[in-house]
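Here are some short exercises to work through with the model open in your viewer. Try each task before you read its solution.

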Amino acid sequence: MKAVVMKKVGGIDVMEFVDRPEPVVMPGHAVVEVAAAGVNFMDIGVRQGMAWTEMANPKILGVEGAGRVLSVGYGVDGFAVGDRVAWVYAPGSYAERHSILADSLVRIPDAVDDHTAAAVMMQGLTASHFATDFYPVRPGDIALVHAAAGGVGLLLTQIIKLRGGRVIGRVSSEDKIAAAKEAGADHLIVDTEGQFAEDVLHLTGGEGVNVVYDGSGPKTFQGSLDSLRRSGTFCWYGPVLGGPGPLDIMNLPKSIKIGYATFFDHIHTPELFRARVHRLFGWIEDGSLKINIGGTYALASAQHAHADMESRVTTGKLLLIP
Ligand SMILES: NC(=O)c1ccc[n+]([C@@H]2O[C@H](COP(=O)([O-])OP(=O)(O)OC[C@H]3O[C@@H](n4cnc5c(N)ncnc54)[C@H](OP(=O)(O)O)[C@@H]3O)[C@@H](O)[C@H]2O)c1
């Protein structure tokens with residue numbers, strides 16, 4: 001089968017589209033035919049050596065996708081050959097076929113197509129965790145959402161709006177305004193230099209926002225702190241784009257709550273995982289959540305997809321199609 005491997009740590013040129021042995025079904029696993037694999041910033045981080053360093057190279061990139069079960073291993077209950085399934089945190093998803101731990105699989109309802117299912121796994125679970133667990137948005141809350149036209153940003157904006165909140169989105173270019181508005185953002189700020197806090201304070205009558213969702217790297221950190229109202233919540237989530245460095249707790253604004261959110265810590269059992277994915281699928285089925293697929297690329301063009309994501313020109317979710 002064909003797969004995209006990284007042969008060493010580095011830029012997009014370390015990725016190669018190669019032949020790999022067919023996966024063999026193991027106990028507790030299912031082999032799936034991949035219909036679509038999601039592209040995440042996390043994959044860029046892995047390629048740059050920020051994660052999975054314990055796994056030897058060459059290794060197959062990618063962690064999420066959707067497809068069809070080809071075979072099931074000993075001890076797998078609840079899945080059968082032919083089932084349409086989606087998954088997340090299954091290293092090796094940039095491939096035509098993949099052997100996945102059954103606990104990481106969820107069945108896809110008929111009303112949700114494969115591309116949509118693949119597109120909502122990592123970023124949808126992330127966005128829904130942020131807006132319903134880490135800081136459960138209440139009606140009337142105002143949120144600042146960074147990269148509001150990105151994969152996480154578009155979903156986060158819609159979920160905040162579903163809960164009755166208001167959204168100030170920050171995007172890096174005028175070209176991204178339409179997508180963020182379409183998702184429901186009430187106000188948009190265009191900025192790449194970390195100079196947005198004054199606008200946020202102006203838009204909130206000087207008070208600041210109840211919550212800021214920031215995975216956009218060190219440049220936005222101070223502006224995000226300055227955008228918070230008294231007792232506001234800072235949801236930080238961007239390991240690949242980088243953190244602010246060590247924090248001096250005594251110099252943080254008083255009474256704020258700040259933390260590094262990852263859905264995987266909270267949604268840590270197969271039951272929780274499936275319940276959260278089914279909630280996302282339900283929102284898609286009833287029309288509350290629209291999935292914006294900003295680009296589909298042939299699996300052989302994974303380098304191109306990574307280059308586009310890094311160059312900051314894309315909106316929505318990027319998918320690789322084997
Ligand atoms: N903690 C978690 O559980 C979790 C889960 C998923 C993702 N993440 C993190 O979330 C971030 C986004 O990842 P994603 O895969 O979900 O993609 P995404 O939301 O689609 O993010 C893409 C957005 O990132 C912004 N961006 C791209 N390059 C940038 C750069 N060099 N500097 C600053 N911003 C840049 C762009 O927005 P603008 O150009 O408009 O700024 C782009 O729309 C990453 O840092 C990733 O590590 C964390």
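## Exercise 1: A salt bridge between strands

D19 and K2 form a salt bridge, with 3.4 Å between their closest N and O atoms. Here a salt bridge is a side-chain nitrogen of Lys or Arg within 4 Å of a carboxyl oxygen of Asp or Glu. Before going on, note that this is a predicted model, in which local features need pLDDT of at least 70 and side-chain atom pairs count only at pLDDT 80 or more, while totals for chains, interfaces and linings use all residues. Residues are numbered from 1 along each chain as its sequence is written, and side-chain values use heavy atoms, with hydrogens and water left out.

**Task.** Work out which parts the pair D19 and K2 ties together.

**Solution.**
- Step 1: place the residues. D19 is in strand β2 (residues 15-19), and K2 is in strand β1 (residues 2-6). Helices (H or I, at least four residues) and strands (E, at least two) are DSSP runs, numbered from the N terminus.
- Step 2: draw the conclusion. The two residues sit in these strands, so the pair links parts 17 residues apart in sequence.
- Step 3: put the pair in context. The structure holds 14 salt bridges.

## Exercise 2: The domain interface

**Task.** Describe the contact between domain 1 and domain 2.

**Solution.**
- Step 1: set the bounds. Domain 1 covers 2-120 + 267-321 and domain 2 covers 139-260, with bounds from an automatic or database domain assignment.
- Step 2: count residues. Each domain brings 16 residues to the contact (heavy atoms within 4.5 Å).
- Step 3: find the area. About 1,300 Å² is buried between domain 1 and domain 2, 68% of it from carbon and sulfur atoms. Buried area is the accessible area (1.4 Å probe) that two parts lose on being put together, summed over both.
- Step 4: name the contributors. F41, R312 and T315 supply 36% of what domain 1 buries against domain 2, more than any other three residues.
- Step 5: check the pairings. Zero salt bridges cross this interface by the rule, but three residue pairs are in polar contact, both residues at pLDDT 80 or more. A polar contact is a pair of N or O atoms within 3.5 Å; within protein, one must be able to donate a hydrogen and the other to accept it, and residues adjacent in sequence count only if both atoms are side-chain atoms.

## Exercise 3: The ligand

**Task.** Which residues come nearest to the ligand?

**Solution.**
- Step 1: list them. Of the 25 residues around the ligand (a heavy atom within 4 Å), F41, G151, S172, K176 and R312 come nearest.
- Step 2: look at side chains. A polar side-chain atom of K176 is 2.8 Å from a ligand oxygen atom, and one of R312 is also 2.8 Å from a ligand oxygen atom.
- Step 3: look at the backbone. A backbone N or O atom of Y237 lies 3.3 Å from a ligand nitrogen atom.
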